[in-house]
Amino acid sequence: MEKTPKEFKDAIKLIALFQTVLELMDSLKGTKLYRQKIKNQINALEKTIETTVFAPLKQLDDTNEDLFTHIQGNIEMLMDMTTDELSQLKVVLEESREEE
């Protein structure tokens, strides 16, 4: 069965969010908030999801080689944001979308 463009976008968002969670978990390593068991469970879930959506994402990656590089850059940008910047992100996006 062929996936719709919305399903492609949702799958990409899901994997990007999981990647962000895993990277944030790594940044908390050594603190009381870090739990190896939780990270392992998230990692296992991410692998299961990746195998489910791998073929469609591979097709998309073949179509646009820069897509995943761009997404990884955005993940890194999110991780570098302060909590104040994150709280303003929705406002900025809504304003940008209104201008379109």
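I looked up the salt bridges (a side-chain nitrogen of Lys or Arg within 4 Å of a carboxyl oxygen of Asp or Glu) and found three in the structure. This is a predicted model, in which local features need pLDDT (the predictor's confidence in each residue, from 0 to 100) of at least 70, side-chain atom pairs count only at pLDDT 80 or more, and totals for chains, interfaces and linings use all residues. Residues are numbered from 1 along each chain as its sequence is written, and side-chain values use heavy atoms, without hydrogens and water.

I took Asp26 and Lys39 first. Their closest N and O atoms are 2.2 Å apart. The pair links distant parts of the chain, with Asp26 in helix 1 and Lys39 in helix 2, 13 residues apart; helices are DSSP runs of H or I, at least four residues, numbered from the N terminus. I checked accessibility (buried under 20% relative accessible area, exposed over 50%, partly exposed in between; 1.4 Å probe, protein chains only). Lys39 is buried at 12%, and Asp26 is partly exposed at 38%.

I then read Lys6 and Asp10, which meet at 2.7 Å, N to O. Both lie in helix 1, four residues apart, about one turn. Lys6 is exposed at 55%; Asp10 is partly exposed at 34%.

Next I turned to helix 3. Its buried residues are Leu67, Ile71 and Ile75. They fall within an arc of 75° seen down the axis (directions from the axis to the C-beta atoms), so they line one face of the helix.

Last, I noted that Thr20 touches Ile75 and Met79 (heavy atoms within 4.5 Å), not counting residues up to four places away in sequence.

Note on methods. Helix = DSSP H or I, 4+ residues; strand = E, 2+ residues; numbered from the N terminus.
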